[in-house]
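The following exercises are to be worked with the sequence and the 3D structure at hand. Each task is followed by a solution in steps.

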Amino acid sequence: DVSVIYVCELHEIKGKFYKEKADALGITVKTKYKELTQGKSVKSDLLDITVHPNDVMGAPVPGPIVIIVDCPTSSHALELISTQSLNDYYSDSSNQSQSGKIVNCVIHLGPASVVNSSHYKKWMKNFSSAQHVMAGHDPTSKLCDGIFAENLLKFILRPHAHLGLDRSNIPSPLAASAVIDELLLESPDIADAAQHVSQLWQKPAETKECAISIQDSKVMTDKPILDENSVPSCLENIRRDDLEVTFLGTGSSQPSKYRNVTAIYFNLFSNGSLLLDCGEGTLAQLKRRYGMEGAESTVRNLACIWISHIHADHHVGLVRILTLRRDLLKGVSHDPLIVLGPSQLKRFLDAYQSLEDLDMQFLDNKATTLFSWETFELDNESNKNNELVIERDEDVKNGNLTSCRESCSQGSSKRLKLSVPVAKIETFALLNRLKKVLNEAGIERLISFPVVHCPESFGVVLKAADRINSIGKAIPGWKVVYSGDTRPCSEMIEASQGATILIHEASTYKVATFEDGMAGEAIAKNHSTTKEAIEVGNLAAAYRVILTHFSQRYPKIPVLDEISMHKTCIAFDLMTINLADLHVLPKLIPYLKLLFRTEMLIDNSDDHVEEAGL
């Protein structure tokens, strides 16, 4: 209900000291110059007079004033017009104010519907000499009086000689044709490469059965089960509206010029969507990839968000997504969004929710491990023939126990009084809801598993439900595994068995003779090298391995040998991979190398892998 106006007023700049005037008035002692500049009057050394500061100094330059106005509604605008607190800053048509204060810039944060109203525009005229900057809405929405804020637009306050707007750093719009022309100038053979890439989609892949047991998986280190032109049976007659994976951030630690921090968007089309990890800037990346309306649609349709661990580069963008979804669904019947993550994340979210509602329900990743799901299924099975009635007893309402009365639906009068932890009951209820949400999205199971990084670090398995093709044949559902941040470990290999896609972190590049040193860095930070990530995919017989979470200090394309390239792809920010295109992914690597040829410089210095530490 309260809106705030910020008035930023800098100190005035003292006028220039004129030594010749001081000399003419008989000032010979140099220390008196300083006193005069400090506003003190002094006695002349040669004349019987008192010399005042304004006798020897020019007029002071008023300090610049900036007002930031947050006026969200018309009712706020009416109050703004009647407020008396800004009277000292109002000026008339001759740029004169009662107090002598001149406002240089007014920044308006209100929406177009407010700032375009006649009474608001009339109020703006109280600042006749100010530069008005509209920073609260899209410039295409409606014509307003004033300048629209653009990226990197500045208003310079000091030095006074440069007072005013500075557009020198605003990026100029660059047409796609200009980018292509520049690229062709650097690498003329790009044109032929583009033609070759387009032909990759014209060669349909051969489908082969892919039934790989855990025992058989180790042969992948020597010989791939699937040849280069084969696809697993789960991709038979796959539709383009089944699954798309978009990498919103593929870097580690902190955003850089080329890679934002980790976030992976799963588009299940009409079935909804999911987010795996949500580093800072995730919402901005969604807007860059899908546009403003498209980003809002993706957030509105989220089924759940899964967070791998507590490091900042994996979850800082979460609150912005949650608050946007809350606002988009205001007034619409909906359920809170399920957020899965480590227990430390709940403490952060609970603290934030003391400030504003996030419209979410938290579920600990430990509740979605394979063991937890099996326990949940067993309990559900045992309760199929029983009606459970949960009653809160006044004697235990302040404790951690709830009375549970079990009545047999087959007519038995037998009653059992049980004591069950409240947390367990709430978790089971939320697991039931999660299972329903996942099933509606076409996902049979979401399984979290522990990995080797910081405490409570997890990877995740997403397994799609089986489908029936046009002739009634059962087609197994796809399986996507995401490693989070981890060292290679048995849990990772076991969870990734037969994965359609393994998305694995590769925070450190292993290059030629530099390999051993980089392995030491990866071990120290509990990360994986590119070679180790590929080896995990081989041991698990994964169909495709997509590398991500690269160190911000290394080249965009890691060096991969020919053996590794048959199943591996490099993730880039805003890259979208459709499930139907998996068969061509490894063939793109030579073209990516060509695209970034001028930037593929191998850094042989003793660099360190950076890690965001919380």
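**Exercise 1. The protein as a whole**

How much area does the protein expose, and what percentage of it do carbon and sulfur atoms supply?

Solution. The model is predicted: local features need pLDDT of at least 70, side-chain atom pairs count only at pLDDT 80 or more, and totals for chains, interfaces and linings use all residues. Residues are numbered from 1 along each chain as its sequence is written, and side-chain values use heavy atoms, with hydrogens and water left out.

Step 1. The exposed area comes to about 31,600 Å², of which carbon and sulfur atoms supply 53%. Accessible areas are computed by the Shrake-Rupley method with a 1.4 Å probe; for residues, only the protein chains shown count as cover.

Step 2. Among the 614 residues of the protein, 45% count as buried (buried: under 20% relative accessible area; exposed: over 50%; partly exposed: in between; 1.4 Å probe, protein chains only).

Step 3. The secondary structure consists of 17 helices and 29 strands. These are DSSP runs numbered from the N terminus, helices being H or I with at least four residues and strands E with at least two.

Step 4. Of the contacts with a separation of 6 or more, 62% are between residues 24 or more positions apart (contact: heavy atoms within 4.5 Å).

**Exercise 2. Two positive phi values**

Determine the setting of Phe 269 and of Ala 541, and state whether each is buried or partly exposed.

Solution. Step 1. Phe 269, a residue other than glycine, has a positive phi near 60°. Phe 269 occupies the loop between strand E13 (263-267) and strand E14 (273-278).

Step 2. Because its relative accessibility is 30%, Phe 269 counts as partly exposed.

Step 3. Ala 541 is not a glycine either, yet its phi is positive, about 55°. Its loop runs between helix H16 (530-539) and strand E27 (544-548).

Step 4. Ala 541 is buried, because its relative accessible area is 5%.

**Exercise 3. A cis peptide bond**

Which residues does a cis peptide bond join, and where is Pro 159 placed?

Solution. Step 1. The bond joins Arg 158 and Pro 159, with omega about 0°.

Step 2. Pro 159 belongs to the loop between strand E8 (154-156) and strand E9 (164-166).

**Exercise 4. A pair separated in sequence**

How far apart are Ser 75 and Val 114 in sequence and in space?

Solution. Step 1. Ser 75 is in helix H4 (residues 74-82).

Step 2. The two residues are 39 residues apart in sequence and 9.3 Å apart in space, C-alpha to C-alpha.
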